[in-house]
Amino acid sequence: MKEFFDKVANALSADVTTTVLTVFLLFVLFFYLINLLQRNNAKWLIALMFAYVAITGVLFMLTEEEKQPFTYFFVVAPFVLIVFILFATEIKRDIWDLGVKKVAETKHVIKNSAAAQNVNHMIDEIVKAVQNMSKNDVGAIIILANGNMPKTIIDSGVIIDSEISAALIESIFFPKTPLHDGAMVINGSKVHAAGCFLPLSQEVNLPKELGTRHRAGIGITETISVTSLIVSEETGIISIAQGGKIKRYVDSEMLRQTLKEYYWQELLEQKD
């Protein structure tokens with residue numbers, strides 16, 4: 001123990017000004033990163049940072065020979081930490097996708113089904129329903145899924161398994177009906193389920209005017225590769241959420257383009 005404290009004293013006495021300045025700058029940087037991670041609800045990354053700082057402190061006291069086994073971790077850990085901070089949302093979605101049906105297989109099934117059921121007709125029906133609900137200030141969340149929705153979310157609602165139509169969509173979201181408060185899940189050419197409960201976004205920097213419906217629509221896209229169509233009950237504003245981000249004041253053209261991308265643009269080009 002005495003040898004450890006002697007090393008600390010020798011390191012600090014080497015150049016007091018440089019040491020104090022370095023410690024201060026590291027403290028400021030560390031404090032900023034902790035605040036940033038807390039605002040983004042990244043508690044596990046905070047724990048990782050503390051572990052890294054602790055290991056760095058130990059390495060500081062070791063000789064060059066003793067440091068050798070830890071060099072690889074010391075070089076790689078900051079890179080891994082940065083990647084997790086910058087791409088936390090994408091990583092969560094990719095981890096979830098490992099446990100669900102292969103995307104290529106899902107696309108193939110939906111694409112064939114969409115071709116049989118007339119893609120343009122389904123897009124028209126969804127656009128018509130969303131615009132009608134927007135005009136009448138009827139709140140709604142429609143999830144465009146690829147067969148990758150968790151079973152727990154589907155089970156929280158009611159299985160519909162019906163062809164897509166504007167009348168069906170509008171009737172489900174009509175105020176005071178049993179399923180109007182939950183989310184509708186569209187899977188290819190079918191309305192798969194309705195009245196489903198979604199996880200809320202934990203992002204603290206969302207605009208305060210976005211309520212529970214918008215937080216739910218954003219939250220599901222933070223962990224799963226789906227698209228949310230959201231209609232505000234208070235203002236009638238149409239929004240689209242993808243990858244944990246929300247785009248508001250969506251017009252009919254933007255809505256139609258999003259649906260074209262969902263039903264695979266190359267299929268539509270063959271029809272034109």
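Which residue just after H12 takes a positive phi? In this predicted model, the residue in question is Trp 264, whose phi is about 70° and which comes just after H12. The account below begins with the nonpolar cores and then turns to the helices and to individual residues.

The largest nonpolar core comprises 30 residues, of which Ile 126, Ile 142, Ile 169, Ile 186 and Tyr 263 touch the most other members. At least two residues of this core are supplied by each of the helices H8 (119-135), H10 (166-173) and H12 (252-262), and likewise by each of the strands E1 (140-145), E3 (183-187), E4 (190-196), E5 (227-231) and E6 (238-242). The greatest contribution to this core is that of H8, which gives eight residues. For Ile 142, when residues up to four places away in sequence are not counted, the contacts comprise Val 130 and Met 133, Ile 169 and Phe 173, Met 184 and Ile 186, and the residues Thr 227, Ser 228 and Leu 229. A second core, separate from the one just described, contains 15 residues, among them Ile 154, Ala 193, Ile 220 and Ile 224.

The helix H10 contributes a set of buried residues, namely Ala 166, Ile 169, Ile 172 and Phe 173. These residues lie on the same side of H10, because the arc that they cover around the axis is only 140°. The elements against which the buried residues of H10 pack are the helix H8 and the strands E1, E3 and E4. With respect to H8, the packing of H10 is described by an angle of about 35° and by axes that are 8 Å apart, and the crossing in which H8 passes H10 is right-handed. On the side of H8 the contact is made by Glu 125, Ile 126, Lys 128, Ala 129, Asn 132 and Met 133, while on the side of H10 it is made by Ala 166, Ile 169, Glu 170 and Phe 173. Ile 126 and Ile 169, which both take part in this helix contact, are also listed among the residues that touch the most other members of the largest core.

In H12, the residues Leu 255, Thr 258, Leu 259 and Tyr 262 are buried, and they fall on the same side of H12 because they cover an arc of only 95° around the axis. The cover over the buried residues of H12 includes the helix H8 together with the strands E1, E3, E5 and E6. Thr 258, a residue of H12, counts as buried because its relative accessibility is 12%, below the limit of 20% used for this class. Apart from residues up to four places away in sequence, Thr 258 touches Thr 227, Ile 240 and Gln 242. Arg 256, which is also found in H12, is instead partly exposed, with a relative accessible area of 26%. When neighbours within four places in sequence are left aside, Arg 256 is in contact with Ile 123, Asp 124 and Val 127; of these, Val 127 is 129 residues away from Arg 256 in sequence, although the C-alpha atoms of the two are 6.7 Å apart in space.

A single aromatic pair is counted in the model. The pair is formed by Tyr 262 and Tyr 263 in an edge-to-face arrangement, with 4.7 Å from centre to centre and 65° between the planes, and both tyrosines are buried.

Two further residues, in strand E2 and helix H11, were examined for their surroundings. Ile 160 has its place in strand E2 (residues 158-163) and is partly exposed, its relative accessible area being 25%. Once the neighbours within four places in sequence are set aside, the contacts of Ile 160 are with Leu 168, Leu 179, Val 191, His 192, Ala 193 and Ala 194. Of these contacts, Val 191 stands 31 residues from Ile 160 along the chain, and the separation between their C-alpha atoms is 6.2 Å. Ala 193, another residue in contact with Ile 160, is a member of the second core. Thr 223 lies in helix H11 (residues 212-223) and counts as partly exposed at 26% relative accessibility. From C-alpha to C-alpha, Thr 223 is 8.0 Å from Gly 243, a residue 20 places from it in sequence.

Key: Residues numbered from 1 in each chain as written. Predicted model: local features only at pLDDT ≥ 70, side-chain atom pairs only at ≥ 80, totals over all residues. Heavy atoms only, no water. Core = buried A, V, L, I, M, F, W, Y, C linked by side-chain atoms within 4.5 Å. Buried < 20%, exposed > 50% of the residue type's maximum accessible area, 1.4 Å probe, protein only. Helix = DSSP H or I, 4+ residues; strand = E, 2+ residues; numbered from the N terminus. Contact = heavy atoms within 4.5 Å. Phe/Tyr/Trp six-rings, centres within 6.5 Å; stacked < 30°, edge-to-face > 60°. Arc of directions from axis to C-beta. Axes fitted to C-alpha atoms, helices over the stretch in contact; angles between N-to-C directions. Left-handed = near helix turned anticlockwise from the far one by under 90°.
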